[in-house]
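Thanks for asking me to look this one over. My comments follow as numbered points, so that you can go through them with the model open.

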Amino acid sequence: VAGLTVGLTVVPQALAYAEVAGLPPQYGLYSSFMGCFVYCLLGTSKDVTLGPTAIMSLLVSSYAFHDPAYATLLAFLSGCVQLAMGLLHLGFLLDFVSYPVIAGFTAAASVTISFSQVKNILGLRGIPRQFFLQVYETFRRVGETRVGDAALGLACLVVLTGLRCMKGHVPQSCWMEPLLVRMGHLIVWAVATARNALVVLFAGLVAYSFQVTGSQPFVLTGETPKGLPPFQPPPFSKVTANGTVPFGEMVRVREAGGCTNLLGSFVSSYPVTGSFGRTAVNAQSGVCTPAGGLVTGTLVLLSLAYLTSSFYYIPKAALAAVIIGAVAPMFDAGIFRTLWRVKKLDLVPLCVTFVLCFWEVQYGIVAGILVSGVLLLYTIARPPIEVSEQGVLLLQPASGLHFPAVEHLREAVHQRALAAGSPARCVVLDCVHVSSIDYTVVRGLADLLQELLKKDISLVFCSLQVRVGCGQQRQLARLGGTGTRVLVP
């Protein structure tokens, strides 16, 4: 049941996401079944489903030039990168990507993908894919809107939104309730879960009825090749009208691709990844093992073998509504308010990522990571230092001392202990929160010690951690001479 439910979700989404990737619709289906079979054998979670997603399709659109050959090669190379990172245990690199960066990227992707489908909702053609040009051209040509596409697309959006809200309010069935009530809950849940398939089916029937009468007010998906993709290696060169593009030239612009399924490239798949939406559907359907993917994959293969002729009548406006309905919830407006209340500085990487992703996705992510790194380094370079003066000058750093923080610590001592008229004749450095220091810090403290000795001021260390106090203490004593004292409580 779970595999069938996910299959009814993935088929219309695959056709729609191929549009986001700038590829013919069949490539969405080509990308939807291999992950189901491979993850059944190698996966570790019963709920996760692999396949095309909106954000991955957006990335493919940026890197594959809307060319299936490049998209398939991108899948192969990305799979190699993913396999290498797994074997080398490089997953820790993701620890350096903060949540504000992810939230900014996701929000920008949601806006970009949603607006990219406005042209299909309005029935416009010839709109560029670059975001800012797309916004300009869409508003400039809004007067060319096709009434049929706009009416159908908006109707599909309203239905999808209503069914999604309905699904969120379906109560949990209890065995003590009457049978008719439980059946009603089940029917509502099933209809809401399979809403994408039902909307696409309804829109296709409407378009077909107009086709029979000899008029067609909608822009249709068009011919979709029938049958399964051939099992063959991805193209390592490409023949064009101007000659052959060699593998080296193709790879030169493909190195920034993401992780994906290596084997999928042998069946003309473009890069895929885990889908949050379909994984949630899988879990809510009561899936028990990864074998649910076998049913999903089989349903996709059957669609390729027998249903492609029916895809001709699917209006593009309906697929656009499916895409917008899938990605719109990804925009979390509440994250801005939450970060403002929790830590305002986290809004900086979020906003940088969000804005730059409209220019180029990769630039936005890299810029957000760099900004997060700068903020992290700033906290290391400027740790909070609590200063109190009660006969002696007591300084208590709130975290470890590393080489960027040496000057900050010396400046704090200079401002208080070495200031004119300061009564303090002893400086106590409370290291109760200092779990590590480095050699540069030791040298900096030694220099500070010499400066204090010239002013007849003692420097005392207290509450040194055991792992900090041994080697560094001896080194500090050797560099600083006889003026160093350590108090261990």
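**Notes on the cavity, the pocket and Ser265**

1. Let me begin with the second largest cavity. Its lining is made up of 15 residues, and those nearest the centre are Val48, Thr49, Pro290, Gly292 and Gly293. Please keep in mind throughout that this is a predicted model.

2. How much volume does the second largest cavity have? The value comes to about 80 Å³. The count of cavities of 30 Å³ or more is three.

3. On secondary structure, two helices are worth displaying here. Helix H3 (34-42) and helix H14 (292-306) each contribute at least two residues to the lining of the second largest cavity. By class, that lining holds seven nonpolar residues, seven polar residues and one charged residue.

4. Next comes the second largest pocket, which encloses about 450 Å³ of space. It is lined by 20 residues, with Ala197, Val200, Leu201, Leu307 and Phe311 closest to the centre.

5. Which helix gives the most to the lining of the second largest pocket? That is H11, with seven residues. At least two lining residues come from each of helix H1 (2-21), helix H11 (195-213) and H14. You will meet H14 in both places, since you have it among the helices supplying the lining of the second largest cavity and among those supplying the lining of the second largest pocket.

6. The class make-up of the pocket lining deserves a line of its own. For the second largest pocket, 16 lining residues are nonpolar and four are polar, while no charged residue takes part.

7. Do have a look at Ser265, which sits in the loop between helix H12 (247-252) and strand S4 (273-274). Is Ser265 buried or exposed? Its relative accessibility is 1%, and buried means under 20%, so Ser265 counts as buried. Leaving aside residues up to four places away in sequence, Ser265 touches Thr72, Ala75, Phe76, Gln232 and Pro234.

8. Finally, some figures for the chain as a whole. The protein chain has 22 helices and nine strands, and 47% of its 489 residues count as buried. Of the contacts between residues at least 6 apart in sequence, 78% join residues at least 24 apart. About 24600 Å² of the protein chain is exposed, and 67% of that area is supplied by carbon and sulfur atoms.

Conventions
Residues are numbered from 1 along each chain as its sequence is written. This is a predicted model: local features need pLDDT of at least 70, side-chain atom pairs count only at pLDDT 80 or more; totals for chains, interfaces and linings use all residues. Side-chain values use heavy atoms; hydrogens and water are left out. On a 1 Å grid over the protein atoms alone, a cavity is a set of points where a 1.4 Å probe fits but cannot get out, and a pocket is an open set with protein on both sides within 12 Å along at least five of seven lines; lining residues have an atom within 4 Å of a point. Grid points are joined across faces, edges and corners, and a volume is the space filled by probe spheres set on the points. Helices (H or I, at least four residues) and strands (E, at least two) are DSSP runs, numbered from the N terminus. Ala, Val, Leu, Ile, Met, Phe, Trp, Tyr, Cys and Pro count as nonpolar, Asp, Glu, Lys and Arg as charged, and the others, Gly among them, as polar. Buried means under 20% relative accessible area, exposed over 50%, partly exposed in between (1.4 Å probe, protein chains only). Contact means heavy atoms within 4.5 Å. Accessible areas come from the Shrake-Rupley method with a 1.4 Å probe; for residues, only the protein chains shown count as cover.
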